[in-house]
Amino acid sequence: MTIGSKEVLIILKKNFDFEVHETVLGETILMDPFSAFIYSSVTGSSYLTNPVFPFSPKGSFKVFYNACNYNMVTGLFENASLYRTPYNLYKKKKFLFEGNKKILPVEFDSEDELQRKYKNFIEILKDNDENPENYIIQRVETSKKGNGMEPFLEYLATEYLKREGYIVETQIPLSHSEGIPDLGGYRIFTSESDYEDNKLIDIYGLNIIELSLIRLGLKNRTGPSPREKSILVGEAKSSTKNMAVQLDKYLETGKFDRAYEIHPFKKSPSKSYFGLIRLDKSFNLESIKPDKTFTHVRKEERKTYVKWLKNYIKYFLIANLTNDELKKYYKEKFGENISNEEDLIKFINSLEYEDIINRIKKVV
Amino acid sequence: MASSDYLLKQEIIDELGHEYDGIKLRIFPETSDEDQKLFSNGGLTFGYNDLKYGSCDACWYVEEEWKCPYTEDKISKRPIIAVEATDALNRGSTGNAQYQRFHHALGAVKNGLIGIYYLPEKEGQDNLRSELYGMGANASSIENGFYLINQDIKEIKKLLKSIKDDCSEKFIGKKLDSMNEKFTKWLKEEYEGSWDTFAKKRSTIIKDDYIIKYSARNKRNFTDSSQRAGHIAVGEMYLTKYFFPDQKFYYLWPRMTKEDLVYLDENKKNDKEWNLLRREENVNITTIDDLRNVPQDISTKFMDVKSKPLKGDALKKWYSAKNKMEELLRNNEIYIDQDSIIEYNNKETNKQKRLNNF
């Protein structure tokens, strides 16, 4: 059993209340621009900007090479400046946050075939006075086992985990030797502990990229705040069901208290201490919780990771500002200009969430 | 490619578009593996002399007839420029890992195209290895096409314009002059402009009619995929080959035996990098068993550390043995027995394959 075009539409409609929308290219899923941006960022599905290499922001918003250190990688920042932030992307590609988007799943056998389809779609849309950039193509690679749907599964799992109060992220930074897990979920604030009610955005139950979309108009839309802290890791597969080796390796880092296998049709988790996110016979997402919480969390590793995550989140919030606003902010605090990455890191790590959010409120 | 390399592809599209005045772009997303196919089969890989080189990230072509030198098939798309892009410098790569993708664009150069190795760098940084300029410039002088080292996407745009304006030779000539200049300056600053000084500092021995380059490669480097030794060894191999383009070259791995080589030949038949190492013209992989007059204590030391990670005592032993070996090779007290070198047995050519199929 595999996920094809039809199933993509059914799954998105059933699980997230998105509408199916009939278009000149066939049935699509209608999404508001923010949901669509997250969808494209996670799945790599591309806005139909050209027929050769259409645009996706996937991979744009990296901050650090590894977890628990502050070596910056080109992404949200470069050269001690804000670089590929959603706001900067918006300035060059206005269509990203203007008007609803339509997700069109397309099955194909080769890149050549897909590019011919892109070309044809663009012509049809232009003939019908529609903007191709409002269409996002979900790749369904029929030549690959499982149709190459891992990124789609990552999207399903992250959206599912958002409901449980996790801040979610895909392709999370750990380290070269520890690997790059497909997804992470961070429930590091609870209503009873250190969560600040800032009236602008709840820092839980969202994709970490959404923290950078406040300036662009993202509305707060999360549910009740989580009551239990947890950090989880997940690995998605659409063909092979073997994820245990990787998940065990991630758990061995001592950072995570639970691990999830993500597979559309797997019946039960490989190990009693793994959870499983899957689809039932009617394509409803469901999860099987781990039998027991993994007990190999190491206190020191966990503490260091949580401390780093709490700082890491601030970088996504800061990305709501422009470079001029960031420089001004820094100067007001430290009385001088940012001269290098070290300055920037020291500054951002020293800020309180409330402080950053108040700053964002001034520019929203 | 790493996901930051995917952003480089996006940058190519953002800066140059998907078509430049009739010159079209072939490029695939990160999830696709079609770049592994030959260009003549719709991919981004080039082959030459029965050898496939690494896949490229992008290729500009025109709608004209072209005969693929690898398959000898005629197709209706003529490739002009092939680019291998890497964000290695921005990921902190300062060492020989920078050479490891040099061969990806080399296949295109051997096919007579313009090959570009694109390595952008953060403003204010200067970590590009100058060796690459020499490798590219010398490859341009002996191969069929041109090999350009590039750090600025706008330069690719200028190259495309020069092709449309029919003045690409002048543009490329200037670029190669600048690469040569940077390389010569580096050689002067680092090695007093002397190849002998270079050789002494870079595990290289220059003989009258051949070159020896030695390294600590061992069997495990090639059987453990996480070590990426194949890529790095290929990069080092091309560095020596293009620094001494007219010379026969022995790539000496004294931690390996003939038996190891036979094992790797048998087990890495479909490995692109292994095939390049074993079949590149004028390059001979040489093991401890191909050396003559090696004192017993030296060969024992090499064999003691043959499978060990080079650290602590193993590293000390390696240094002591390789320093002595180098001295004796320079004095001709140890020599390479050319008749002992094992030729690669995976030499079924395309022509043979076609004949066999026929």
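These are my notebook entries on where chain A and chain B meet and on the empty spaces in the structure.

**Entry 1: the model**

I am working with a predicted model, and I keep that in mind for everything below.

**Entry 2: how chains A and B meet**

I started with the contact list. On the chain B side I find 22 residues touching chain A, and they meet 27 residues of chain A. I then looked up the area: the two chains bury about 2,100 Å² between them, with 52% of it on carbon and sulfur atoms. Which three residues supply the most of what chain B buries against chain A? They are L7(B), Q10(B) and K122(B), which together supply 26% of that area.

**Entry 3: polar links across the interface**

Next I went through the charged and polar pairs. I count 1 salt bridge between chain B and chain A. It joins the side chains of K93(A) and D14(B), at 3.2 Å from N to O. For polar contacts, the count between the chains is 5 residue pairs, with both partners at pLDDT 80 or more.

I also checked which elements of chain B face chain A. Helix 1 (3-16) and strand 2 (23-27) each give two or more residues to that side. Helix 1 of chain B gives the most, with 7 residues. Sorted by class, the chain B side has 7 nonpolar, 7 polar and 8 charged residues.

**Entry 4: closed cavities**

I moved on to the enclosed spaces. I note 4 cavities of 30 Å³ or more. The largest of them has a volume of about 170 Å³. Its lining has 16 residues, and the closest to its centre are G44(A), S46(A), R139(A), Y6(B) and P29(B). Which element gives the largest share of that lining? I get helix 4 (residues 111-127) of chain A, with 4 residues. The classes for this lining are 7 nonpolar, 5 polar and 4 charged.

**Entry 5: the second largest pocket**

My last stop was the second largest pocket, which holds about 800 Å³ of space. Of its 28 lining residues, E78(A), Y83(A), R84(A), E11(B) and E15(B) are the closest to the centre. From chain A, strand 5 (81-82) and helix 3 (86-92) each supply at least two lining residues, as do helix 1 and helix 4 (153-164) of chain B. Helix 1 of chain B gives the most here, with 6 residues. I sorted this lining too, and it comes out as 8 nonpolar, 7 polar and 13 charged.

Looking back, I met helix 1 of chain B twice: it gives the most to the chain B side that touches chain A, and it gives the most to the lining of the second largest pocket.

Methods. Residues are numbered from 1 along each chain as its sequence is written. Chains are lettered from A and ligands numbered from 1 in the order in which they are written. This is a predicted model: local features need pLDDT of at least 70, side-chain atom pairs count only at pLDDT 80 or more; totals for chains, interfaces and linings use all residues. Side-chain values use heavy atoms; hydrogens and water are left out. Contact means heavy atoms within 4.5 Å. Buried area is the accessible area (1.4 Å probe) that two parts lose on being put together, summed over both. A salt bridge is a side-chain nitrogen of Lys or Arg within 4 Å of a carboxyl oxygen of Asp or Glu. A polar contact is a pair of N or O atoms within 3.5 Å; within protein, one must be able to donate a hydrogen and the other to accept it, and residues adjacent in sequence count only if both atoms are side-chain atoms. Ala, Val, Leu, Ile, Met, Phe, Trp, Tyr, Cys and Pro count as nonpolar, Asp, Glu, Lys and Arg as charged, and the others, Gly among them, as polar. On a 1 Å grid over the protein atoms alone, a cavity is a set of points where a 1.4 Å probe fits but cannot get out, and a pocket is an open set with protein on both sides within 12 Å along at least five of seven lines; lining residues have an atom within 4 Å of a point. Grid points are joined across faces, edges and corners, and a volume is the space filled by probe spheres set on the points.
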